[in-house]
Amino acid sequence: MTLAETNGVTNPVARVVFFWSATTLNWRLDGSNPYAGLLAEALAEHRVRVEVRRSGNLGFVWKFPRPFDIVHFNWNPTFYEHPNPLLAVLRLLAFAAMLLVARLRGLRIVWTMHNVVPHEQIRASHGEVARRVVTTLANAVICHCEYAKSVLGRRFGRRWGVHVIPHGSFADAYPREATRAEARRSFDIPDDAFVYGFFGNIRAYKGVEQLIEEFGSLEGDRLRLLIAGALHPNYHGPLHTTEIADERVIAHLRHIADEEVQLVMAAVDVLVLPFLDTLTSGSAILALGHGTPLVLPRRGCLPELVGDGAAAVLYDPDDPGALRQALLDAQALDPEASVRAAGDVDAGLNWAGIARKTMAAYGLDGSSV
């Protein structure tokens, strides 16, 4: 086992297996989402050993002595999904059985509900049942905001053992040294332009097509829209084939390397994330860590994340004209005040506090669920 796969803790007070979308905790090397690595680093301060795994295999629950004390799920469709309907049912039954064995053997099961359900599923009804299995058998469920906690209760009936823990800051995950002038030169953007941005993998639920359309309705030669992010493998929308006619749109539809992230954040005046469906957003967290204000829909955890201050312009996603008006309102933001407000929000997302709250979800602070 290499240190890239664990957080390197020896003589741990607890051992956690963390099911994540990547196989290592070192996002600096593999370009993965930093969340798992940053959480593992924070938990290491409490002598909690974290090992990350990607594949859906719970065979370790039979081992003696048991290799882990806590099973923490972040992404779990690999345990129960399969293109073949019969095999999908069998996989789900096996998954439920293994969770029961884990509980009987004294392992603590924790699930973080990043999304209510996965954004792309093979069968929605199957995924719904799988979510109910996890919410029923988990010792603790972590939600990133009070809204998510309420959804968990209404949709899955889970109201006990729920821990509200915010998504942690990405301020230290990437370099933040690029100047505005340097960043704009790299994208061939005029210094005096007002620049809207979108950052992240492009998927159907992120509303990028709507953003392009609404931006196109705005008048102004000095306006720019920078779109930076690769087309997700599950995205089958028009950006694959349709050329963007508006010359003010600068599209980099590719993977943005870690060292380029700072250029995107420094180049834009405001980051626009017009999600059609979401709970949390790593792109929003990333922007706040760079002091970049946001335009966000009032969806999921986003209103709780930014509050009512100058860090973001919030709009009603059910109002057809609201996104366009929010884009206009963003031009009136006070740059210094909005940058300061974004930093204030980010300061509340510190990993030290998140680690302490996660310890409580792990049952390591003397509390019981």
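## Exercises on salt bridges, a sheet and a buried threonine

Arg180 is partly exposed, its relative accessible area being 39% (buried is under 20%, exposed over 50%, partly exposed in between, with a 1.4 Å probe and protein chains only). The model is predicted, so local features need pLDDT of at least 70 and side-chain atom pairs count only at pLDDT 80 or more, while totals for chains, interfaces and linings use all residues. Residues are numbered from 1 along each chain as its sequence is written, and side-chain values use heavy atoms, leaving out hydrogens and water.

**Exercise 1.** Find the side chain that meets Arg180 in a salt bridge, and work out which parts of the chain the pair links.

*Solution.* Start with the partner: Asp269 and Arg180 meet through their side chains in a salt bridge of 3.2 Å, N to O. The term asks for a side-chain nitrogen of Lys or Arg within 4 Å of a carboxyl oxygen of Asp or Glu. Next, place both ends: Asp269 sits in the loop between α8 and β10, Arg180 in helix α6 (residues 180-186), and the two are 89 residues apart. Helices here are DSSP runs of H or I with at least four residues, strands are E runs of at least two, and both are numbered from the N terminus.

**Exercise 2.** Arg203 has a salt-bridge partner too; locate both residues and say whether each is buried or partly exposed.

*Solution.* First, the partner is Glu120, with an N to O distance of 2.2 Å. Second, Arg203 belongs to the loop between β7 and α7 (208-216), whereas Glu120 belongs to the loop between β4 (108-112) and α4 (124-137), so the pair ties together parts 83 residues apart in sequence. Third, Arg203 is buried at 18% relative accessibility, and Glu120 is partly exposed at 27%. To round off the topic, the count comes to 12 salt bridges. Among them is Asp246 with Arg248, whose closest N and O atoms are 2.9 Å apart; Arg248 is buried at 13%. Arg15, Arg66 and Asp69 are linked in a network of salt bridges.

**Exercise 3.** Trace the six-stranded open sheet, then find the helices that pack on it.

*Solution.* Read off the order: β9-β8-β7-β10-β11-β12, with parallel pairing (two strands pair if DSSP finds at least two bridges between them). Now look at the edges: β9 (249-252) and β12 (312-315) each have a single partner strand, so one side of each is left without a neighbour in the sheet. From one strand to the next, the twist averages 25°. Zoom in on one pair: β11 (residues 294-297) and β12 are joined over four bridges in the parallel sense, and Leu294 stands opposite Ala312 in β12. Then add the helices: α8 (residues 258-267) packs on the sheet, touching β7 (194-199), β8 (223-228) and β10, its direction making about 140° with that of β7. Helix α9 lies across β7, β10 and β11 and runs at about 155° to β11. Axes are lines fitted to C-alpha atoms, for helices over the stretch in contact, and angles run from 0 to 180 degrees between N-to-C directions.

**Exercise 4.** Is Thr280 buried or exposed, and what is it in contact with?

*Solution.* Begin with the place: Thr280 is in the loop between β10 (270-272) and α9 (282-289). With a relative accessible area of 16%, Thr280 is buried. Leaving aside neighbours within four places in sequence, Thr280 is in contact with His114, His144 and Cys301, contact being heavy atoms within 4.5 Å.
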